[in-house]
Amino acid sequence: MKRNRNILYTIGCFVCMCLVFISCKKFEADVAPMTPIDIVGVPDTYASVEENTDLKIPIKFTTPNDSGIQRATYTVVNKRASELKLVFSPPIDIPFNGKSVDATITVPVRRGLSAVVITIYDKAGKLSSRSIDIKSVTLSGENVKSLTNIVMSTDPADDQCFFSLYDPNPVFGQATALTKQDRVDFVMLNNGGAKPISPHAYAASTSFYDASKDYLAGFTTLSYGYLSSPKDYITNADFDAIKTQSDLEEFMDKKVIGPAPEGANYNLVNADRRVGSGFGVNDVDKGFIIGWGYHTGPTETPTIVLNEAFALVMVRSVTQKPNGHYIVTMDVKAPPVDERASYSGSLIAPYDPYPL
């Protein structure tokens with residue numbers, strides 16, 4: 001319970017910074033005890049949960065405040081980056097009606113999951129919160145999902161600009177993409193070479209907007225995905241050695257997140273990068289990382305990121321068409337579960353002044 005209290009204290013400070021629309025005086029300690037949040041059939045602490053499952057938490061709550069609830073959210077806490085450093089997701093909204101919450105939230109169980117913290121404010125500023133603590137995650141030994149000889153094109157006329165790793169046909173054109181906007185992992189643009197970009201980052205700068213708006217014209221939903229630059233430490237030997245999800249995660253933990261000399265000391269878990277590098281015709285056997293998780297909307301401050309699942313992509317060849325567009329051939333190794341579906345909640349709509 002001491003760990004629960006520490007997590008609640010930390011998340012309380014975190015929520016105070018994020019919910020700036022509530023005046024400071026509302027965070028003063030309440031004289032009356034908090035209204036309890038009932039989590040139906042769920043313990044305060046799990047000794048162990050299995051990776052790649054979903055933690056379903058039914059929540060029932062009624063505030064005594066006649067004005068009703070101001071906001072209800074939950075926050076996912078992950079310690080994969082370091083046992084000493086907790087990484088928080090953005091607050092994720094829980095539906096409520098007037099004075100009551102009667103909803104079930106679904107949290108993907110991934111490596112490093114440490115806690116889920118439920119926070120409810122009524123309109124008088126009174127806080128109620130509850131933490132569900134996860135002591136350990138039993139890791140999966142399933143085989144990775146492998147894709148080979150995946151061909152993409154930056155030319156819209158080829159109908160091969162969009163990538164959705166977990167779809168039966170993972171590469172498709174704009175007409176199909178418009179029917180499955182929440183399934184897109186990245187778009188391959190012609191921008192300084194063949195450049196993968198998360199739809200979520202379409203307006204990260206004027207140049208990205210200008211490069212991506214024709215590809216994304218008509219979109220109303222923009223998915224989030226993490227994208228790294230090419231990494232020298234993603235070698236053919238390491239890529240070929242990855243057979244299981246445990247192999248893939250050990251690579252991320254030791255070679256990417258881990259300290260030197262073996263690792264790159266790169267905090268992948270809360271890295272905020274949604275645009276890859278441009279691949280030219282000389283880029284062969286270059287590896288990069290894609291990921292799924294939680295991200296605040298691009299116009300929200302502060303920016304909060306929690307990436308929880310990752311795949312490796314190896315670019316095997318790049319050729320240029322006579323019209324200047326690029327053809328890219330790739331191999332991919334990824335977790336076996338549909339990570340895009342698991343993190344479909346990190347979606348945004350196009351926003352001003354960048355119309356689609």
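## Contacts and the overall fold

Contact here means heavy atoms within 4.5 Å. With that in hand, let's walk through this chain, which is a predicted model.

DSSP-style bookkeeping gives 6 helices and 22 strands in the chain. The radius of gyration is 22 Å, close to the 21 Å that the globule rule gives for 356 residues, so the chain is as compact as a globular protein of that length. Along its principal axes, the C-alpha trace spans about 70 × 45 × 35 Å. If you look at contacts with a separation of 6 or more, 70% of them are between residues 24 or more positions apart.

## Surface and charge

Of the 356 residues, 53% are buried. The accessible surface adds up to about 15,200 Å², and carbon and sulfur atoms hold 52% of that. As for charge, there are 34 positive and 39 negative side chains, with the centres of the two sets 4 Å apart.

## Two nonpolar cores

The largest nonpolar core takes in 74 residues, and the ones with the most contacts inside it are Ile57, Ile118, Phe163, Leu165, Ile290 and Met330. Strand E20 (residues 305-320) gives the most to this core, chipping in 10 residues. Apart from this core lies another, of 22 residues, including Leu189, Ile197, Ala201 and Tyr354.

Ile290 is a handy place to zoom in. Leaving aside residues up to four places away in sequence, Ile290 touches Phe163, Leu165, Phe186, Tyr226 and Leu227, and also Ala309, Phe310, Ala311 and Val313.

## Helix H5 and the loop after it

Which residues of helix H5 (residues 245-257) are buried? They are Gln245, Leu248, Glu249, Phe251, Met252, Asp253, Val256 and Ile257. An α-helix has 3.6 residues a turn, so residues three or four places apart point the same way. The buried residues of H5 pack against strand E5 (69-82), helix H4 (236-241), strand E19 (286-295), E20 and strand E21 (326-334).

In the loop between H5 and E19 you'll find Phe279. Phe279 counts as buried because its relative accessibility is 2%, against a cut-off of under 20%. Not counting residues up to four places away in sequence, its contacts are Gly193, Ala194, Pro196, Pro230, Lys286, Phe288, Val315, Val318 and Tyr326. Phe279 and Pro230 are 49 residues apart along the chain, with 8.9 Å between their C-alpha atoms.

## Cis prolines and the C-terminal stretch

Thr301 and Pro302 are joined by a cis peptide bond, with omega about -5°, and Pro302 sits in the loop between E19 and E20. The bond from Asp352 to Pro353 is cis too, with omega near 0°. Pro353 belongs to the segment after E22.

Ala349 also lies in the segment after strand E22 (347-348). Is Ala349 buried or partly exposed? At 45% relative accessibility, Ala349 counts as partly exposed. Ala349 touches Thr220 and Leu222, setting aside residues up to four places away in sequence. From Ala349 to His200 the C-alpha distance is 8.7 Å, although they are 149 residues apart in sequence.

## Positive phi outside glycine

Two loop residues are worth a look for their backbone. Asn52 has phi near 75°, a positive value in a residue other than glycine. Asn52 is in the loop between strand E3 (49-50) and strand E4 (54-62), and with a relative accessible area of 15% Asn52 is buried.

Asp159 has a positive phi as well, near 55°. Asp159 sits in the loop between strand E12 (145-153) and strand E13 (162-163), and at 46% relative accessibility Asp159 counts as partly exposed.

Conventions. Residues are numbered from 1 along each chain as its sequence is written. This is a predicted model: local features need pLDDT of at least 70, side-chain atom pairs count only at pLDDT 80 or more; totals for chains, interfaces and linings use all residues. Side-chain values use heavy atoms; hydrogens and water are left out. Helices (H or I, at least four residues) and strands (E, at least two) are DSSP runs, numbered from the N terminus. The radius of gyration is taken over C-alpha atoms; the globule rule is 2.2 Å times the number of residues to the power 0.38. Buried means under 20% relative accessible area, exposed over 50%, partly exposed in between (1.4 Å probe, protein chains only). Accessible areas come from the Shrake-Rupley method with a 1.4 Å probe; for residues, only the protein chains shown count as cover. Lys and Arg count as positive and Asp and Glu as negative; His and the chain ends are not counted. The place of a charge is taken as NZ of Lys, CZ of Arg, CG of Asp or CD of Glu. A nonpolar core is a set of buried Ala, Val, Leu, Ile, Met, Phe, Trp, Tyr and Cys residues joined through side-chain atoms within 4.5 Å.
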